[in-house]
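Me: I would like to go through this structure by asking how each description is justified. Please set the values against the definitions as you reply.

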Amino acid sequence: MADEPVVPEDEAPVEETVAEVSEPTVAPAPRSHVQLALIIGIVVVVALGGLVGWLGYRAHEARKADQLHDLLVGVGRQGAINLTTIDAVEADKDVQRILDSATDQFYDDFAKRSQPFIEVVKQAKSKSVGTVTEAGLESMTDSEGQVLVAVTVVTSNAGAANQPPRAWRMRLTVKKTGDDEAKVSKVEFVP
């Protein structure tokens with residue numbers, strides 16, 4: 001036993017542990033320039049596609065708003081002309097034209113008063129011709145708008161043949177009643 005080393009009793013033999021050797025981690029292969037260009041190209045195409053789609057949607061909405069604006073102002077202009085152009089000879093047709101371009105409360109009110117109005121126009125042998133000098137949209141929602149219209153009206157009747165032209169301003173509420181149709185739902189004279 002001389003060959004064996006002597007270990008003191010208070011010291012226990014230390015077991016040598018061998019750390020487990022793990023497999024070396026393999027780093028992912030770097031992407032080639034072609035793969036990087038392809039990924040960047042796809043990202044750019046998707047971003048441009050989204051941008052073009054959004055701009056197309058905005059352009060469509062702007063075109064719809066412009067069409068509604070034009071419809072409301074056009075109906076407001078025609079409504080003002082209808083209201084201010086009345087001839088005793090064709091009073092029935094003129095009143096019917098007003099009713100055809102009216103809706104809601106304005107239609108109901110004007111329909112109730114139309115016969116007495118026709119009689120007064122015929123009795124006075126009145127003739128008035130309205131000309132729109134300016135028209136513009138004051139406010140608008142998806143289904144209606146407030147149209148301000150400036151009208152010059154030339155009137156004559158049996159008692160006064162040549163009256164000076166009168167300038168009127170009206171606020172007409174124009175309501176959309178179909179895809180490409182709108183009618184006057186309210187009329188106010190503006191001082």
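Me: Before the pockets themselves, what makes a residue of the largest pocket's lining nonpolar, polar or charged, and how many fall in each class?
Reply: The lining of the largest pocket divides into 13 nonpolar, 5 polar and no charged residues, where Ala, Val, Leu, Ile, Met, Phe, Trp, Tyr, Cys and Pro count as nonpolar, Asp, Glu, Lys and Arg as charged, and the others, Gly among them, as polar. This is a predicted model, in which local features need pLDDT of at least 70 and side-chain atom pairs count only at pLDDT 80 or more, while totals for chains, interfaces and linings use all residues. Residues are numbered from 1 along each chain as its sequence is written, and side-chain values use heavy atoms, with hydrogens and water left out.

Me: Why is this space called a pocket, and what is the volume of the largest pocket?
Reply: On a 1 Å grid over the protein atoms alone, a cavity is a set of points where a 1.4 Å probe fits but cannot get out, whereas a pocket is an open set with protein on both sides within 12 Å along at least five of seven lines. The largest pocket has a volume of about 410 Å³, a volume being the space filled by probe spheres set on the points, which are joined across faces, edges and corners.

Me: What makes a residue part of the lining of the largest pocket, and which residues lie nearest its centre?
Reply: A lining residue has an atom within 4 Å of a point; 18 residues line the largest pocket, and Leu83, Thr84, Ile86, Phe117 and Trp168 lie nearest its centre. Its largest share, 6 residues, comes from H3, a helix being a DSSP run (H or I, at least four residues) and a strand another (E, at least two), both numbered from the N terminus.

Me: How is the lining of the second largest pocket made up?
Reply: The second largest pocket holds about 280 Å³ of space, and its lining divides into 4 nonpolar, 2 polar and 6 charged residues. Among the lining residues are Glu61, Lys64, Asp142 and Lys176, and H1 gives the most, with 6 residues.

Me: Why is Phe110 called buried or exposed?
Reply: Buried means under 20% relative accessible area, exposed over 50%, and partly exposed in between, with a 1.4 Å probe and protein chains only; Phe110 has 15%, and is therefore buried. Phe110, in helix H3, touches Val95, Ile98, Leu99 and Phe117, not counting residues up to four places away in sequence, where contact means heavy atoms within 4.5 Å.

Me: What makes a group of residues a nonpolar core, and which have the most contacts inside the largest one?
Reply: A nonpolar core is a set of buried Ala, Val, Leu, Ile, Met, Phe, Trp, Tyr and Cys residues joined through side-chain atoms within 4.5 Å. The largest has 25 residues, and Ala80, Val149, Leu172 and Val174 have the most contacts inside it. H1, helix H2 (91-100), H3, E3, strand E4 (166-178) and E5 each supply at least two residues of this core.

Me: How do you know that E2 and E3 pair?
Reply: Two strands pair if DSSP finds at least two bridges between them, and 12 bridges join strand E2 (residues 127-140) to E3, so the criterion is met. The two run antiparallel, and Leu137 has Val147 in E3 as its bridge partner.

Me: What makes E1 and E5 edge strands?
Reply: The open sheet of 5 strands has the order E1-E2-E3-E4-E5, with antiparallel pairing. Strand E1 (86-87) and E5 each pair on one side only.
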